[in-house]
Structures are given as C-alpha cells and as structure tokens.
Amino acid sequence: MRPMIESTTRQADSLTPEFIAEADELVSHYPVSKRSASLPLLHLWQNHFGFIDDSAMEWIAARLDLTPVNIIELVTFYPWFRREQAGKTIIRVCRTLACALAGSYEVKDKFCQAVGLNPDCEHHGFGHAPPTTADGKFSVEFVECLAGCGMAPVMMCNEDFHEGVSLAKADEIVGKC
C-alpha cells in the first residue's frame, strides 16, 4: 500500500496491550461478520490517536481479515474520520437549515475569530483536519446536523453539546474550552 501521509512514526507501532484488548472486545460483538467491527475500530483508533494513519488502516484490516482497501474506503467516505491531526479542542458548528437560519454562519465566524483563525477558511475536505490554530489547540469546522434544530444554532466543543448559541455565548464557550 502506498503511504498517503509521510510520517516517521507509525501509530500501530505504539499500541498498548490495553488498546488491543479494547479492540478485541469490540470485535467480539460481531461474531457473524468481523467486518461489521470496521467502523467501531476506526472510531476507537481516532479517539485514541486523534487521526487515522496508514498503519491504522493496515492494522484494522489485518485484525478483521480484510484488505486495507476495505478500510480506506470507509475512511475516505465518512467525513468524521481524519487522516491528519486536528486541534486538541474541536469546535463543531451545525450548518444545516435550521441552524443556518438562526445564525450559525455568524457563530462559526465568531468562534474562528475568538481562537485566532481566518473565518473564511472553512473547506478542508474529507480526511483532512479542519482549520487549526498554529499552536494546535483549536480546530473549528462546520458539520451537518447535530440534531438540535429546535434550539438552533447548535454546536459542540469536543463532546460538549451547546444549544441556542449566540455571538455573546460563543465567547463564553471558548473560555470554557
């Protein structure tokens, strides 16, 4: 497999016995078809390392008796998976209709300004890290529906969900992040 990202370290070389045990536990939930554990293993990997490198796809494929292309197709299809490191704190702002009408584009711009990013830098494409501050502390990105349409606009700061986010509330949220 041709490397997609030049790197001197391979994530798979730093797996702990605890990580491997957790991966094996996930696979055990899919006794009929180990392939069904592909997405859970990718989520586990990205939550652990922050992104998915070539060694991850090779390791997961081998663990599930698949070829690496079976894992690559998932990583390149789902926008949640990243092939590059994002910021330690990821601010996700919903941009679907209810949130857009309630001001999510302005809220996203406010978050960008609050952390020192160019608000116009929104397109990062599948597999790439969202716009990230030079110090690696913050990334800000638009996402599709966070299922809070009734309290739009909504956003997430890592795993913390926020509803009815105003421009004033954005500064408060960044302070807490």
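## Cysteines and the disulfide

In this predicted model, the sulfur of Cys149 lies 4.4 Å from the closest cysteine sulfur, which belongs to Cys145, and this is too far for a bond. A disulfide requires the two sulfur atoms to be within 2.5 Å, so the distance of 4.4 Å rules out a bond between Cys149 and Cys145. Cys149 is partly exposed, with a relative accessibility of 43%, and Cys145 is likewise partly exposed, with a relative accessible area of 44%.

Where, then, is a disulfide found, and which residues form it? A search of the whole structure finds one disulfide, and it is formed by Cys157 and Cys177, whose sulfur atoms are 1.9 Å apart. Cys157 belongs to strand E3 (residues 155–157), while Cys177 sits in the segment after helix H7 (167–176), so the bond ties together parts of the chain that are 20 residues apart in sequence. The two partners differ in their surroundings, since Cys157 is buried, with a relative accessible area of 5%, whereas Cys177 counts as partly exposed at 31% relative accessibility.

## The chain as a whole

The chain contains seven helices and four strands, and when these elements are read from the N terminus on, they follow the order α-α-α-α-β-α-α-β-β-β-α. Of the 177 residues in the chain, 43% are buried. The accessible surface comes to about 9700 Å², and carbon and sulfur atoms account for 55% of that surface.

How many of the contacts join residues that are at least 24 apart in sequence? Among contacts between residues at least 6 apart in sequence, 65% are of this kind.

## The helices and the nonpolar cores

The largest nonpolar core has 24 residues, and those with the most contacts inside it are Leu42, Trp45, Ile52, Trp59, Ile60 and Ile71. Helix H1 (17–28) and the helices H2, H3 and H4 each supply at least two residues of this core. Ile60 gives a detailed view of the packing: leaving aside residues up to four places away in sequence, Ile60 touches Leu41, Leu42, Trp45 and Ile71. There is also a second, separate core of 16 residues, which includes Cys112, Phe138, Ala170 and Ile173.

Helix H3 is mostly covered, with seven of its ten residues buried, namely Asp54, Ser55, Ala56, Met57, Trp59, Ile60 and Ala61. These buried residues of H3 pack against H1, H2 and H4. Just after H3, Asp65 takes a positive phi of about 55 degrees. In helix H4 (residues 68–77), the residues Asn70, Ile71, Ile72, Leu74 and Val75 are buried, and the buried residues of H4 pack against helix H2 (38–49) and helix H3 (54–63). An α-helix has 3.6 residues a turn, so residues three or four places apart point the same way. This spacing can be followed in H4, where Ile71, Leu74 and Val75 are among the buried residues.

## A buried arginine in a loop

Arg83 is placed in the loop between H4 and strand E1 (89–94). Is the arginine Arg83 buried or exposed? Arg83 is buried, with a relative accessible area of 7%, a value that falls under the 20% cut-off for a buried residue.

The side chain of Arg83 has polar partners. One of them is the backbone oxygen of Ile52, which the side chain of Arg83 reaches at 2.8 Å, and another is the side chain of Asp54, with which it makes a polar contact at 2.7 Å. Both partners have been named above, for Ile52 is one of the residues with the most contacts inside the largest nonpolar core, and Asp54 is one of the buried residues of H3.

## A strand covered on both faces

Strand E2 (residues 138–143) is mostly covered, and six of its six residues are buried. In a regular strand the side chains alternate between the two faces of the sheet. In E2 both faces are covered, with Phe138, Val140 and Phe142 buried on one side, and Ser139, Glu141 and Val143 buried on the other. Phe138 is also included in the second nonpolar core.

Strands E1 and E2 pair in the parallel sense, over six bridges. As one example of how the strands are matched, the bridge partner of Ile91 in E2 is Val140, a residue that is itself buried.

How values were computed. Residues are numbered from 1 along each chain as its sequence is written. This is a predicted model: local features need pLDDT of at least 70, side-chain atom pairs count only at pLDDT 80 or more; totals for chains, interfaces and linings use all residues. Side-chain values use heavy atoms; hydrogens and water are left out. Buried means under 20% relative accessible area, exposed over 50%, partly exposed in between (1.4 Å probe, protein chains only). Contact means heavy atoms within 4.5 Å. A polar contact is a pair of N or O atoms within 3.5 Å; within protein, one must be able to donate a hydrogen and the other to accept it, and residues adjacent in sequence count only if both atoms are side-chain atoms. Two strands pair if DSSP finds at least two bridges between them. Accessible areas come from the Shrake-Rupley method with a 1.4 Å probe; for residues, only the protein chains shown count as cover. A nonpolar core is a set of buried Ala, Val, Leu, Ile, Met, Phe, Trp, Tyr and Cys residues joined through side-chain atoms within 4.5 Å.
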